[in-house]
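Reader: Before I rely on any of the descriptive words used for this model, I would like to see how each of them is justified. Could you take me through the reasoning?

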Amino acid sequence: QGQVCIGDGKLMNIIKQILDYFYPLFKKFLSREIYYYLACGTLNTLSDWFLYFIIYNYIVCKQMVDLGFVVISAPIAALIIVTPLTFTIGFLLSKCITFRGSHIKTWRQLIRYALILATNFAISYLSMKVLCEVCHIWATPSKMITTIFTTIFSYLMQKHYSFKKL
């Protein structure tokens with residue numbers, strides 16, 4: 001199948017085995033694919049929130065970021081920094097665990113996944129601007145609220161576009 005996974009898939013197989021161990025608890029309510037998506041998505045989301053919190057509070061230190069040609073607010077700067085990290089984690093989990101049955105070439109999956117991420121980034125950017133700067137909601141809860149919308153959109157697009165089964 002040409003899977004491109006970390007360590008010949010060993011890490012992904014360990015994660016999959018752990019998920020399979022707990023699947024019987026959810027079998028009555030969820031198909032295996034949706035269970036994998038939710039479990040991997042939860043792992044990716046928690047890492048996203050954790051990394052966002054660390055970057056926002058300790059790397060950009062809740063300060064505006066002046067790049068010389070543009071000044072970026074702290075919530076948006078943290079979003080820009082965390083995105084490539086969670087992109088990589090999310091792609092690998094989606095490709096190697098959730099949507100393993102796709103026969104679309106890896107490079108094409110990556111491009112499609114990136115297009116979905118770009119759309120999610122635009123949704124996140126606009127949501128963060130509104131929630132933080134208009135509604136004055138703290139940055140981390142705003143990021144969490146935004147995640148709900150982008151998660152639903154992502155699942156539908158990944159299943160039917162990035163990793164669809166031919």
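The exchange below takes up the overall form, the cores and one helix pair of this predicted model.

Reader: What makes the protein chain as compact as a globular protein of its length?

Author: The radius of gyration is 17 Å, which is close to the 15 Å that the globule rule gives for 166 residues, so the chain counts as being as compact as a globular protein of that length. Its C-alpha trace spans about 45 × 35 × 25 Å along the principal axes, and its elements run α-α-β-β-α-α-α from the N terminus on.

Reader: Why is the set around Met12, Ile15, Leu19, Leu93 and Ile97 called a nonpolar core?

Author: A nonpolar core requires buried residues of kinds such as Met, Ile and Leu, joined through side-chain atoms within 4.5 Å, and the largest such set here has 18 residues, with those five making the most contacts inside it. Helices H1 (10–22), H2 (32–59) and H3 (74–98) each supply at least two of its residues, and H3 gives the most, with six. Apart from this core lies another, of 14 residues, including Ala78, Leu79, Val82 and Cys132.

Reader: How do you know how H2 and H5 (residues 139–162) run relative to each other?

Author: Angles run from 0 to 180 degrees between N-to-C directions, and H2 and H5 pack at about 150°, with their axes 11 Å apart; because the scale is directional, this value describes helices running in roughly opposite directions. The crossing is right-handed, and the residues of the contact divide into nine nonpolar, six polar and four charged.

Notes: Residues numbered from 1 in each chain as written. Predicted model: local features only at pLDDT ≥ 70, side-chain atom pairs only at ≥ 80, totals over all residues. Heavy atoms only, no water. Buried < 20%, exposed > 50% of the residue type's maximum accessible area, 1.4 Å probe, protein only. Helix = DSSP H or I, 4+ residues; strand = E, 2+ residues; numbered from the N terminus. Left-handed = near helix turned anticlockwise from the far one by under 90°. Nonpolar A, V, L, I, M, F, W, Y, C, P; charged D, E, K, R; others polar. Rg over C-alpha atoms; globule rule 2.2 N^0.38 Å.
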